[in-house]
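Colleague: I would like a close look at one part of this model. Please take me through a single loop and what lies around it.

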Amino acid sequence: MRADLERILIPRERIAARVRELAQAIARTYAGSEEDGITLVTILSGSLIFLADLIRELPIRMKLGLVTVSSYRGATTQAGEARLRDALNVDVTGRHVLLIDDILDTGGTLRLVRDELARHAPKSVRTCVLLRKPSKAPVDVQAEFVGFDIEDQFVVGYGLDYNDHYRNLPDIGILRRELYA
Ligand code: XMP
């Protein structure tokens, strides 16, 4: 798998350090909500590893919800139209919601889930992404917590996939150009 990378962009140690910082920033933001806690809504599958690491650094009361979005990506790196694959599996009405995603690219995925959440009248919605491609992220989809801003290159590892491969790479790397369409 390592041989399929052009280079490692963010090594595991930097990811771990940044995840701890993000958790601290999130804990400070929700310091007043200890009693009811917050609800994390995570977009599968790319955010799985990020979620697992983040919540173990987050000493606050929380409920977890999961949502699956398909964007008909398959064996291509071009985003298709985002669609919710299932209903929200957690009640967010009146709750502080933190939406978790792996990467904010064109914003289609987060816009879709944010609009779905809004229909259930949460108390607040904030967004946390591990990665953001600032050159593409649209102004109407903002994230309050961002791990790393990266160039517009296709990255894999630490949960991120190409055609469902590479999720188990511990580092985030740039996939060799000749390997994708
Ligand atoms: P949008 O364009 O909706 O994209 O913001 C968000 C979803 O698309 C996937 N994505 C990527 N996956 N490397 C990946 O492995 C990338 O560089 C990349 N860019 C977008 C990802 O699933 C994300 O949730």
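Modeller: A word on terms first: helices and strands here are DSSP runs, with at least four residues for a helix and at least two for a strand, numbered from the N terminus. The model is predicted.

Start at Ser 47. Ser 47 sits in the loop between S2 and H2. Is Ser 47 buried or exposed? The cut-off for buried is under 20% relative accessible area. Ser 47 has a relative accessible area of 0%, so Ser 47 is buried. Its side chain has a polar partner. A polar atom of that side chain lies 3.0 Å from the backbone oxygen of Ile 43. Which residues does Ser 47 contact, leaving aside neighbours within four places in sequence? They are Thr 42, Ile 100, Asp 101 and Asp 102.

Take Thr 42 next. Thr 42 belongs to strand S2, which covers residues 38–44. Thr 42 counts as buried because its relative accessibility is 1%. Residues up to four places away in sequence aside, Thr 42 touches Ser 47, Leu 51, Gly 65, Leu 66, Val 67 and Ile 100. Ile 100 is thus a contact of Thr 42 and a contact of Ser 47.

Now follow Asp 102, another contact of Ser 47. Asp 102 leads to the ligand. The ligand is surrounded by 15 residues, and Asp 102 is among the closest, with Thr 106, Gly 107, Thr 109 and Val 155. Look at the oxygen atoms of the ligand. A polar side-chain atom of Thr 109 lies 2.6 Å from a ligand oxygen. For Lys 133, a polar side-chain atom lies 3.0 Å from an oxygen atom of the ligand. Asp 161 uses its backbone: a polar backbone atom is 2.8 Å from a ligand oxygen.

Go back to the loop and move on to H2. Helix H2 (residues 48–55) packs with helix H1 (residues 12–29). Their angle is about 60°, and their axes are 9 Å apart. H1 passes H2 in a right-handed crossing. H1 brings Val 19, Leu 22, Ala 23 and Ile 26 to the contact, and H2 brings Phe 50, Asp 53 and Leu 54. Of these residues, six are nonpolar, none is polar and one is charged.

Leu 22 also takes us to Val 146. Leaving aside neighbours within four places in sequence, Val 146 is in contact with Arg 18, Leu 22, Val 129, Leu 130 and Arg 132. Val 146 lies in strand S7 (residues 145–149). Its relative accessibility is 12%, so Val 146 counts as buried. Val 146 and Leu 130 are 16 residues apart in sequence, yet 5.7 Å apart in space, C-alpha to C-alpha.

Definitions and conventions
Residues are numbered from 1 along each chain as its sequence is written. This is a predicted model: local features need pLDDT of at least 70, side-chain atom pairs count only at pLDDT 80 or more; totals for chains, interfaces and linings use all residues. Side-chain values use heavy atoms; hydrogens and water are left out. Buried means under 20% relative accessible area, exposed over 50%, partly exposed in between (1.4 Å probe, protein chains only). Contact means heavy atoms within 4.5 Å. Axes are lines fitted to C-alpha atoms, for helices over the stretch in contact, and angles run from 0 to 180 degrees between N-to-C directions. A crossing is left-handed if the near helix is turned anticlockwise from the far one by less than a right angle, and right-handed if clockwise. Ala, Val, Leu, Ile, Met, Phe, Trp, Tyr, Cys and Pro count as nonpolar, Asp, Glu, Lys and Arg as charged, and the others, Gly among them, as polar. A residue is near a molecule or strand if one of its heavy atoms lies within 4 Å of it. A polar contact is a pair of N or O atoms within 3.5 Å; within protein, one must be able to donate a hydrogen and the other to accept it, and residues adjacent in sequence count only if both atoms are side-chain atoms.
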